[in-house]
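I sat down with a new model today and kept a running log of what I looked up. My entries are below, in the order I made them.

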Amino acid sequence: MHLKSILHSLTLGALCTFMLLPLCAACSDDHPASTQDPYLKVETTALNFEETASEKAIPVDCNTAWTCTAKGDDTSWLHLEQSEQSLLVSVDENDEKNVRQASIVITAPTQEKTIEVSQLGWGKAILLAPASASLAAVGGTIELEVTTNVTYEALIPDDCDWITPQADTRSAD
């Protein structure tokens, strides 16, 4: 009788083990993307356009669904086309004198990024992207994108020996 109890206990233990085995397998790391924390990475913080109609693509790295919205007083000139890993931003020609501005808000479930958009008008203006930047004490490089409809010259004062200009990389795009 004692042997029968032992066999019954072993059988019951083995049965429980086989029943719990699928549950343990379900907890495996077969799908790491589904257990990752959601993220949204957009490096662009500002977009500047000349007065002509044009477009620029912005890389968007996100592991969840995301949306984009144009915000501002009048955004009818600003068009957004979303794909899985990028956002195509296009603008209509600006036939007004002044620079026009709007924002693009990219939203994922737990994060939000804002991109400031400016477009030249026919009046004289200079746009910089980014509008401001800072460096750590060890130094580094800042790249400025200049969008303008006037001739300009970038000057560094003689007493700013800690600033070193790089080669001019102006382009017509």
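What follows are my notes on the fold, two sheets, a pocket and a few residues.

**Entry 1: overview**

I noted at the start that this is a predicted model. I counted helices and strands next, and the chain has 2 helices and 11 strands. Reading along the sequence, I get the pattern α-α-β-β-β-β-β-β-β-β-β-β-β. I then looked up burial: 21% of the 173 residues count as buried. For contacts, I took residues at least 6 apart in sequence, and 57% of those contacts join residues at least 24 apart.

**Entry 2: the sheet of 4 strands**

I wanted to know in what order the strands of the 4-stranded open sheet run. The order is 2-9-8-5, and the pairing is mixed. Strand 2 (46–49) and strand 5 (67–71) are the edge strands, and each has a single partner, so one side of each has no neighbour in the sheet. I also wrote down the twist of this sheet, which averages 20° from one strand to the next.

Then I zoomed in on one pair. Strand 2 runs parallel to strand 9 (residues 112–119), with 4 bridges between them. I picked out one bridge there: Phe 49 is partnered by Gln 119 in strand 9.

**Entry 3: the sheet of 3 strands**

I moved on to another open sheet, this one of 3 strands in the order 3-7-6, with antiparallel pairing. Strand 3 and strand 6 sit at its edges with a single partner strand each, so each has one side without a neighbour in the sheet. The twist here averages 20° from strand to strand.

How many bridges join strand 3 to strand 7? I find 6, and the two strands are antiparallel, with strand 7 covering residues 86–91. Along this pair I marked Lys 56, which stands opposite Val 89 in strand 7. I marked Ile 58 as well, whose bridge partner in strand 7 is Leu 87.

On to the other pair in this sheet: strand 6 (residues 78–82) runs antiparallel to strand 7, and 5 bridges join them. Here Gln 82 has Leu 87 as its bridge partner in strand 7. So Leu 87 turns up in my notes for both pairs, since strand 7 has strand 3 and strand 6 on its two sides in the order 3-7-6. I also logged that strand 6 and strand 7 form a hairpin, with 3 residues between them.

**Entry 4: a pocket**

I looked up the second largest pocket, which holds about 220 Å³ of space. Its lining has 14 residues, and Thr 44, Ala 46, Leu 47, Ala 129 and Glu 145 are the ones nearest its centre. Which elements give two or more residues to this lining? They are strand 2 and strand 3 (54–59). I sorted the lining by class and got 7 nonpolar, 3 polar and 4 charged residues.

**Entry 5: Asn 48**

Asn 48 lies in strand 2. Is Asn 48 buried or exposed? Asn 48 has a relative accessible area of 4%, so it counts as buried, the cut-off being under 20%. Leaving aside neighbours within four places in sequence, I listed the contacts of Asn 48: Lys 56, Ser 118, Leu 127, Leu 128, Ala 129, Glu 145 and Thr 147. I also checked a long-range pair, and the C-alpha atoms of Asn 48 and Leu 120 are 7.9 Å apart, with their positions 72 residues apart along the chain.

**Entry 6: Thr 45**

I went back a few places to Thr 45, in the loop between strand 1 (40–41) and strand 2. Thr 45 has 47% relative accessibility, so it counts as partly exposed. Beyond its neighbours within four places in sequence, Thr 45 is in contact with Thr 114, Ile 115 and Glu 116. Its C-alpha atom is 8.8 Å from that of Val 117, which is 72 residues away along the chain.

**Entry 7: a cis peptide**

My last lookup was a backbone one. The peptide bond from Ala 129 to Pro 130 is cis, with omega near 0°. Most peptide bonds are trans, which is why I made a note of this one. Pro 130 is in the loop between strand 10 (126–129) and strand 11 (145–148). Ala 129 was already in my log, as one of the residues nearest the centre of the second largest pocket and as a contact of Asn 48.

Methods: Residues numbered from 1 in each chain as written. Predicted model: local features only at pLDDT ≥ 70, side-chain atom pairs only at ≥ 80, totals over all residues. Heavy atoms only, no water. Pairing = 2+ DSSP bridges. Axes fitted to C-alpha atoms, helices over the stretch in contact; angles between N-to-C directions. 1 Å grid on protein atoms, 1.4 Å probe; cavity = no way out; pocket = protein on both sides within 12 Å on 5 of 7 lines; lining within 4 Å. Points joined across faces, edges and corners; volume = space filled by probe spheres on them. Nonpolar A, V, L, I, M, F, W, Y, C, P; charged D, E, K, R; others polar. Buried < 20%, exposed > 50% of the residue type's maximum accessible area, 1.4 Å probe, protein only. Contact = heavy atoms within 4.5 Å.
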